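Got your viewer open? Here is a short walk through the model, one selection at a time.

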Amino acid sequence: WGPAFVATWPPEFNNIQNILFVVNIYSTLDGAQIARLGQVSTSLPTSSPEDGEINSLVFTIQNEKARGNHEVHAISVVLSQNFVNMSKILVFQIKGLLFSMVEQIRQIIGERQWELYIGKDHIESDEVKHTFENLLRGLHIQIANLFAMQIGESEVRKWR
């Protein structure tokens, strides 16, 4: 089963068009490789390339009850085309934030013993949704701050 959104920020991103794009991300990946490496970084244009690109970190969490003994998750950041070519350093910083977020997610899931594969009640619980929405909101703020340092706060506010 899958994929399914555990959480999105902003919440409006949880729609069928974005779920179909996520299917495209997963269909290009080798599940065995991700399980072996633990995580893989991807960068793909959005459905309409002129809109921008999606940078993702696809990662696994070991779970003997899930298919292949691993839950496969992804955390993605959508960058407007206006910002894609702004600075390679900025893209590396965003990827660093994604790597940090993955470690936070792994820690939370491990501590709370959540099983987020499809078919488990945890994936639809309010606690899970709110926890991950808060993490994503924080990531959003961190990325906005990176942009603000590059182009100024007033410019970032235009793109909220």
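Among contacts in the protein between residues at least 6 apart in sequence, what percentage join residues at least 24 apart? It's 55%, where contact means heavy atoms within 4.5 Å.

A word on what you're looking at. This is a predicted model, so local features need pLDDT of at least 70 and side-chain atom pairs count only at pLDDT 80 or more, while totals for chains, interfaces and linings use all residues. Residues are numbered from 1 along each chain as its sequence is written, and side-chain values use heavy atoms, with hydrogens and water left out.

**Whole chain**

Start with a cartoon view. You should find six helices and three strands, and reading along the sequence gives α-α-β-β-β-α-α-α-α. Helices (H or I, at least four residues) and strands (E, at least two) are DSSP runs, numbered from the N terminus. Of the 160 residues, 36% count as buried; buried means under 20% relative accessible area, exposed over 50%, and partly exposed in between, with a 1.4 Å probe and protein chains only.

**The sheet**

Now select 39-45, 52-62 and 70-80. The first range is β1 and the last is β3, the two edge strands, each pairing on one side only; the range 52-62 is β2. Together the three strands make an open antiparallel sheet in the order β1-β2-β3. Strands pair if DSSP finds at least two bridges between them, and β2 and β3 are joined by 11. For one of these pairs, pick Leu57 and its bridge partner in β3, Ile75. From one strand to the next, the twist averages 20°.

**Two residues on β1**

Stay on strand β1 and show Ser41 and Thr42 as sticks. Are they buried or partly exposed? Ser41 counts as partly exposed because its relative accessibility is 34%, while Thr42, at 11%, counts as buried. Leaving out residues up to four places away in sequence, Ser41 touches Ser56, Leu57 and Lys95. With that same exclusion, Thr42 touches Ile25, Leu29, Ile54, Asn55 and Ser56. Try a C-alpha distance from Ser41 to Leu98 too: 9.4 Å in space, though they sit 57 residues apart in sequence.

**Helices on the sheet**

Next, select 16-27. That's helix α1, which packs on the sheet and touches β1, β2 and β3, its direction making about 65° with that of β2. Then select 88-112 for helix α4, which lies across β1, β2 and β3 and runs at about 30° to β2. Axes here are lines fitted to C-alpha atoms, for helices over the stretch in contact, and angles run from 0 to 180 degrees between N-to-C directions.

**α4 meets α5**

Keep α4 on screen and add 126-151, helix α5. The two axes come within 11 Å and cross at roughly 160°, so α4 and α5 are roughly antiparallel to each other (an angle over 145 degrees). Zoom in on the contact: the α4 residues include Leu97, Met101 and Ile105, and those from α5 include Leu135, Leu139 and Phe147. Colour the contact residues by type and you get 14 nonpolar, five polar and two charged. Ala, Val, Leu, Ile, Met, Phe, Trp, Tyr, Cys and Pro count as nonpolar, Asp, Glu, Lys and Arg as charged, and the others, Gly among them, as polar.

**Last stop**

Finish on Ile151, in helix α5. Ile151 counts as partly exposed, at 29% relative accessibility. Add Phe83: the two C-alpha atoms are 10.0 Å apart, with these positions 68 residues apart in sequence numbering.

Conventions: Parallel < 35°, antiparallel > 145°, perpendicular 65-115°, else oblique.
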